[in-house]
Amino acid sequence: MTTTLVPDTTSEEVAGRARRFVDEELIPREQAAEAAGGRLPAEEVAAIRAAGLAAGLNGGLHAREHGGQGWSHTTWALVEEQFGRSTNALSWNVPNAYNVWAAGTGEQIDRWLRPILRGEGQDAYAVTEADAGSDPSGIETTAEPLPGGGWRIRGEKWFVTSGDVANVIVVVAVAPEGPTLFAVPVDGGGIEVIDDPAFTHAYPHGHPTMRFDATVGPDAVLGPLGGADDLQRAWFTEERLGIAARGIGAMERLLADTLEWATGREQGGARLWDHQGVSFPLADSAADAAAGRLLVMEVARLADAGADPKVVHAKASMAKLFVSEAACRCADRAVQAFGGRGYRRDNVAERFWRELRVDRIWEGTSEIQRLIIARSLERRGVAKVLR
């Protein structure tokens, strides 16, 4: 039986809406965002948020009954691909939330998830620590049960993306039952930003270092006690597939803009594109993008079909590894094709050249993805991982 990778008409319609949104709302704001260090004025952020809500692009994978769109992974990947065509993470201004909220109680969903998906709040996820990055088994943040109920969360977290603007932070802490997720309200006190470093990219949210000594009620436990590892595995699978999908969109934009430039620019009596030193490396990137896109859509299809989660996890790692590294090569080639213009921050190739680099680091480094793939090959067999 032949497996089709062609999405249904609903997916195509949603992807078309996302493409128009990116073209009309995000790309025109890139230069202003770059000049502002990623932080657009509040009225501009509100305009993006409103347009994203009006286009029905918020909370894609979250259930409709929770305020999301209830998309398939296939539809979601197609939308993420379109979001990837824009720089400066402007798509972060479209309301969304971490998938672990699906494990929350009805009260947690009403208090946190629904408002976030309406654009009335922001979550952050605190897992990494100074000595616990790629190896989460080294997490030292603790959750101490309090007499009469509740918990005391103590520890220090690094790279808490959106921690500077969040009103609730999902914290991974070690309880007596094992690693557990806790929904920690920012306005409850006991949270301190101890460092807010600048990073290579100019994004709308920071990645601060945060110290926790917070007391929360028994209703702060998100998911089962000791259940953080399973919830995070599903989170990592989704995040890695999203990174790969956005990388494909970035490569499309890079190739389109570079093609337009190189076919209209003459050097040495010929179009720049006619010089094989320019066009051939970008042809290689086009092949990478096409292959990566097939891999992304296959992983999404498997997730929709309810395939073995461990196989989906391994294939999501393959997609992230392949696309994140290919996209970096593509950006470097585009910068080279633009020459001096490619080194200017008002050039899309320069911005992607900086921004795509982190995709080989966050949500698991390329080395971690290789480790996951290698272990999956040994445990599940070559055929199951490749097919």
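Reader: Before we look at pairs, what is a salt bridge here?
Author: Happy to start there, and do keep in mind that this is a predicted model. Side chains of opposite charge can pair when their charged atoms come close. The term is used for a side-chain nitrogen of Lys or Arg and a carboxyl oxygen of Asp or Glu, and the cut-off between them is within 4 Å.

Reader: Which residue forms a salt bridge with Arg354?
Author: The closest N and O atoms of this pair are 3.0 Å apart, and a salt bridge needs them within 4 Å. Arg354 lies in helix α9 (residues 348-355) and its partner in helix α2 (residues 30-35), so the pair ties together parts that are 320 residues apart in sequence. Both residues are buried. The partner of Arg354 is Glu34.

Reader: Nice! How many salt bridges does a search of the whole structure find?
Author: The pair of Arg271 and Asp274 is another salt bridge, with its closest N and O atoms 2.8 Å apart. Some salt bridges share partners, and these join Glu30, Arg253, Asp257 and Arg351 into one network. For the whole structure, the search gives 29.

Reader: Is Lys157, which pairs with Glu129, buried or exposed?
Author: Good one to check. Glu129 and Lys157 form a salt bridge, with the closest N and O atoms 2.9 Å apart. The pair links distant parts of the chain, with Glu129 in the loop between β1 (123-126) and β2 (142-145) and Lys157 in strand β3 (residues 151-157). Buried means under 20% relative accessible area, and because Lys157 has a value of 0%, it is buried.

Reader: And is Arg271 buried, partly exposed or exposed?
Author: The limits to compare with are 20% and 50% relative accessible area. The value for Arg271 is 34%, so it counts as partly exposed.

Reader: Which residues of α10 are buried, and where do they fall on the helix?
Author: Let's go around the helix together. Glu367 and Glu378 are exposed on the other side of α10, whereas the buried residues are Ser366, Ile368, Gln369, Ile372, Ile373 and Ser376. Seen down the axis, the buried residues fall within an arc of 160°, so they line one face of the helix.

Reader: What do the buried residues of α10 pack against?
Author: Helix α10 covers residues 366-380, and just after it Gly381 takes a positive phi of about 95°. The buried residues of α10 pack against α6 (228-264), α8 (309-338) and α11 (382-386).

Note on methods:
Residues numbered from 1 in each chain as written. Predicted model: local features only at pLDDT ≥ 70, side-chain atom pairs only at ≥ 80, totals over all residues. Heavy atoms only, no water. Helix = DSSP H or I, 4+ residues; strand = E, 2+ residues; numbered from the N terminus. Buried < 20%, exposed > 50% of the residue type's maximum accessible area, 1.4 Å probe, protein only. Expected span 1.5 Å × (residues − 1). Arc of directions from axis to C-beta. Contact = heavy atoms within 4.5 Å.
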